[in-house]
Amino acid sequence: MNYKTYVWVWLGLLILTGITVSLAGMNLGRLSIAMVLTIAAIKSGLVLSYFMHLRYETGLLFKLMIPIVLAALTVFIGLTFTDIAFR
Amino acid sequence: LNRALGTLNTLILITSSLTIALSIFFIQKGNRQLSAGLLFFTIFLGVLFLGVKYIEWTAKISHGLYPNSPHLLGRPKGEILFFGLYYSMTGLHGLHVLVGISILSVILVLMIKKKINKNHTISLENAGLYWHLVDIIWIFLFPLFYLIT
């Protein structure tokens, strides 16, 4: 594990933030909701696997725990948006 | 909401996640001074985040946009709900940042006292995990409140 990895991940996070902000500025409507949330998921994935070392953990069940919790959160947020979409 | 300030805060938190990760990396390598410096910078970024938050909230409140304000109650229902959620979610997240700053400050003192060193890094690592968690929460709050219109 080299500290440069952290700097690369940080740069990746900065670029993704730039992309998500400029996407939101394009007024793409409902498509932009899906896109900014996908990018947020990728960003949190980067933080989880590199900054929080999840990538270097052993034990499948332990590794699966966090994606499952995140997936549950995504479902809740998604269901909230369907409430708006089909109202 | 002010998208520029939200973006600034996102950059601040992401950078603070980097500095705490580097701080853990260098304490494990035995470079205690650099590690303490990075930890101090992380705390500084945390305080900076709350400072920006303070500016944002003050601006909104001075515009009469706060829960149960007469101005807000005259707005559409969706907007009342939005600002209620905005204040509770960012407020709760702000509390987590405040707790994180406190924990990191204790860790910094322990590090200066040499209680945390190359062989005893667990408390710093766990504080780092908590700090990353706060960062992840913001990564989701930021698009949900600032980017989706």
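In this predicted model, helix 1 of chain B has 26 residues, which at 1.5 Å a residue should span 38 Å. The C-alpha atoms at its two ends are 38 Å apart, in agreement with that expectation. The expected figure comes from multiplying 1.5 Å by one less than the number of residues.

At the start of helix 1 of chain B, Asn2(B) places a side-chain oxygen within 3.0 Å of the backbone nitrogen of Ala4(B). Just after the helix, Gly30(B) adopts a positive phi of about 95°. Between these two places the helix is mostly covered, with 20 of its 26 residues buried.

Thr15(B) belongs to helix 1 of chain B. Its relative accessibility is 17%, and because buried means under 20%, Thr15(B) counts as buried. Setting aside neighbours within four places in sequence, Thr15(B) is in contact with Trp10(A) and Leu45(B).

The next topic is the nonpolar packing. The largest nonpolar core has 39 residues. Those with the most contacts inside it are Leu39(B), Leu104(B), Met111(B), Leu124(B), Trp131(B) and Trp138(B). Two or more residues of this core come from each of helix 1 (3-28), helix 2 (32-62), helix 4 (77-112) and helix 5 (122-147) of chain B, and likewise from helix 2 (30-51) of chain A. Helix 5 of chain B gives the largest share, ten residues. Apart from this core lies another, of 20 residues, including Ala40(A), Val47(A), Leu54(A) and Leu38(B).

Leu39(B), one of the residues with the most contacts inside the largest core, can be followed outward through its partners. Beyond its neighbours within four places in sequence, Leu39(B) is in contact with Ile20(B), Ser23(B), Leu104(B), Ile107(B), Leu108(B), Met111(B) and Leu124(B). Among these partners, Leu104(B), Met111(B) and Leu124(B) are also listed with the most contacts inside the core.

Aromatic rings add a further set of pairings. Over all chains, a search of the whole structure finds 15 aromatic pairs. Phe25(B) and Phe26(B) form one that is edge-to-face, with 5.2 Å from centre to centre and 85° between the planes. The angle gives the pair its class, because planes over 60 degrees apart count as edge-to-face. Both residues of the pair are buried: Phe25(B) has a relative accessibility of 7%, and Phe26(B) has a relative accessible area of 15%. Elsewhere, ring pairs link Trp57(B), Phe82(B), Phe83(B), Tyr86(B), Tyr87(B) and Phe145(B) into a cluster.

How values were computed:
Residues are numbered from 1 along each chain as its sequence is written. Chains are lettered from A and ligands numbered from 1 in the order in which they are written. This is a predicted model: local features need pLDDT of at least 70, side-chain atom pairs count only at pLDDT 80 or more; totals for chains, interfaces and linings use all residues. Side-chain values use heavy atoms; hydrogens and water are left out. Rings of Phe, Tyr and Trp (its six-membered ring) pair if their centres lie within 6.5 Å; planes under 30 degrees apart count as stacked, over 60 as edge-to-face and the rest as tilted. Buried means under 20% relative accessible area, exposed over 50%, partly exposed in between (1.4 Å probe, protein chains only). A nonpolar core is a set of buried Ala, Val, Leu, Ile, Met, Phe, Trp, Tyr and Cys residues joined through side-chain atoms within 4.5 Å. Helices (H or I, at least four residues) and strands (E, at least two) are DSSP runs, numbered from the N terminus. Contact means heavy atoms within 4.5 Å. A polar contact is a pair of N or O atoms within 3.5 Å; within protein, one must be able to donate a hydrogen and the other to accept it, and residues adjacent in sequence count only if both atoms are side-chain atoms.
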